[in-house]
Structures are given as C-alpha cells and as structure tokens.
Amino acid sequence: ARVADIIAYVNHDIDDAVRAGLLRAEDLPRERIDVLGESSSQRIGTMVTDVVLRTLEADLAEVRMSDHILDATIGLRSYLFDAVYENEVATAEFKKAAGILGGLWEKVREHPKEFLDPRTIESDGLDVAAKDFVAGMTDRYAVNLYEQLFIPKPWVSVNP
C-alpha cells in the first residue's frame, strides 16, 4: 500500500500543482522526468511496471522497486516538497482546504442522518463514519457541498 500511495501521491500532486499554477510541467527536474516519463500516465506506467517486475523477480517475497526508478521517484517527491508542499502560496491554499474540510466534518457530525450510513455509525462509531465520508469526497464534491451548506444562495455564482 505504501508503494502505491507514493506512486499515486507524487503524480496526483504534480497534476494538482500544475493546475493550481504552483509549477509548470517544464519545471520538473529533467533527470527525473527522463527516467519516469513526461506525462502522469507515463510516470505511473513506468513506476507500476517496475514494481510488478521487481516484485516478480523477488518471487513475490516483497514488493519492491528498482534502485533506478526508486531514486527518480524519491527525487521527484523531494522536488515537490521544496516547490509545492513548503511553498507559501500552496500552504495558504492548504489552510483554505483544511477550513473547508473542517467545516464539513463538523456539519456531517451535527447532522449524521443527512450524510452518513447508519450501519457504519452503528458498527464503527460517528467519528469513523464521518471520517470515511469526508475522506471519500472528491475536491469538486467537497467544494460544492461546502457551498451548499455554508454560502448564502445569492452569493453563489450561477455560472462558475
């Protein structure tokens, strides 16, 4: 699961950062991109293929990645830490996102019957049900739900 998380997060975070204007695709470290691929799908394909092949070579005894691909992946992740995760603009955006998710968390817990599966509440508790609900949201769904719950209707743009 950890290997899959690294592959997914590195690539999705690059896509998100490019969409948010925090970096440009051409700003990515060339030596890492030359190894992994230009596009997100190419990078994911390279990483996943390498993990499958190296894991088969180890007779399925361990999930592994070759040193060459792992080095490029870790290097790309390190670049993201410097360029995105510790970037002042990105940090301000993360705080906004935390505010949205925090507001949704509170609202969902205040009105569980409107949002949560009663079986999950019964078996795992309110906090787990709320966590699962919020964690499963797409960005777009979270923003739209926040807008519906917290933004007065006349303030919401009809045509975004």
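These legends describe close-up views of a predicted model.

**View 1. The largest nonpolar core draws on four helices, α1 to α4.**
This core holds 19 residues. Leu 23, Leu 76 and Val 84 touch the most other members. Helices α1 (2-19), α2 (30-36), α3 (40-57) and α4 (67-85) each supply at least two residues. Helix α4 gives the most, with six residues. In soluble globular proteins, nonpolar side chains tend to be buried together.

**View 2. Val 84 and its contacts.**
Which residues does Val 84 touch, not counting residues up to four places away in sequence? They are Ala 17, Leu 22, Leu 23, Tyr 79, Ala 90 and Phe 94. Leu 23 also ranks with Val 84 and Leu 76 among the core residues that touch the most other members. A second, separate core has 10 residues. Among them are Val 108, Leu 116, Ala 130 and Ala 142.

**View 3. The buried residues of helix α4 and their cover.**
The buried residues are Ile 69, Ala 72, Thr 73, Gly 75, Leu 76, Leu 80, Ala 83 and Val 84. What covers them includes α1, α2, α3 and α5 (88-110). Asp 71, also in helix α4, is instead partly exposed, with a relative accessible area of 47%.

**View 4. Ser 40, a buried residue of helix α3.**
Ser 40 is found in helix α3. Its relative accessibility is 16%, so Ser 40 counts as buried, the limit being under 20%. Leave aside its neighbours within four places in sequence, and Ser 40 is in contact with Asn 11 and Asp 15.

**View 5. A cluster of aromatic rings.**
Three aromatic pairs turn up in a search of the whole structure. One of the pairs joins Phe 115 and Phe 133. Their rings are tilted, at 5.9 Å centre to centre and 50° between the planes. Phe 115 lies in helix α6 (residues 112-115) and Phe 133 in helix α8 (residues 126-135), so this pair ties together parts 18 residues apart in sequence. Ring pairs link Phe 115, Phe 133 and Tyr 141 into a cluster. Is Phe 115 buried or exposed? At 17% relative accessibility, Phe 115 counts as buried.

**View 6. Salt bridges at helix α2.**
The whole structure contains 12 salt bridges. Asp 34 and Arg 30 form one of them, at 3.0 Å from N to O. Both residues lie in helix α2, four residues apart, about one turn of the helix. Asp 34 is exposed, with a relative accessible area of 55%. Arg 30 counts as partly exposed at 39% relative accessibility. Arg 32 meets Asp 71 in another salt bridge, also 3.0 Å, N to O. This pair links distant parts of the chain, with Arg 32 in helix α2 and Asp 71 in helix α4, 39 residues apart. Side chains of opposite charge can pair when their charged atoms come close.

**View 7. A salt bridge within helix α3, and a charged network.**
Glu 57 forms a salt bridge with Arg 54. The closest N and O atoms are 3.0 Å apart. Both residues lie in helix α3, three residues apart, about one turn of the helix. Glu 57 counts as exposed, at 56% relative accessibility. Arg 24, Glu 26 and Asp 27 are linked in a network of salt bridges.

Key: Residues numbered from 1 in each chain as written. Predicted model: local features only at pLDDT ≥ 70, side-chain atom pairs only at ≥ 80, totals over all residues. Heavy atoms only, no water. Phe/Tyr/Trp six-rings, centres within 6.5 Å; stacked < 30°, edge-to-face > 60°. Buried < 20%, exposed > 50% of the residue type's maximum accessible area, 1.4 Å probe, protein only. Core = buried A, V, L, I, M, F, W, Y, C linked by side-chain atoms within 4.5 Å. Contact = heavy atoms within 4.5 Å. Salt bridge = Lys/Arg side-chain N within 4 Å of Asp/Glu carboxyl O.
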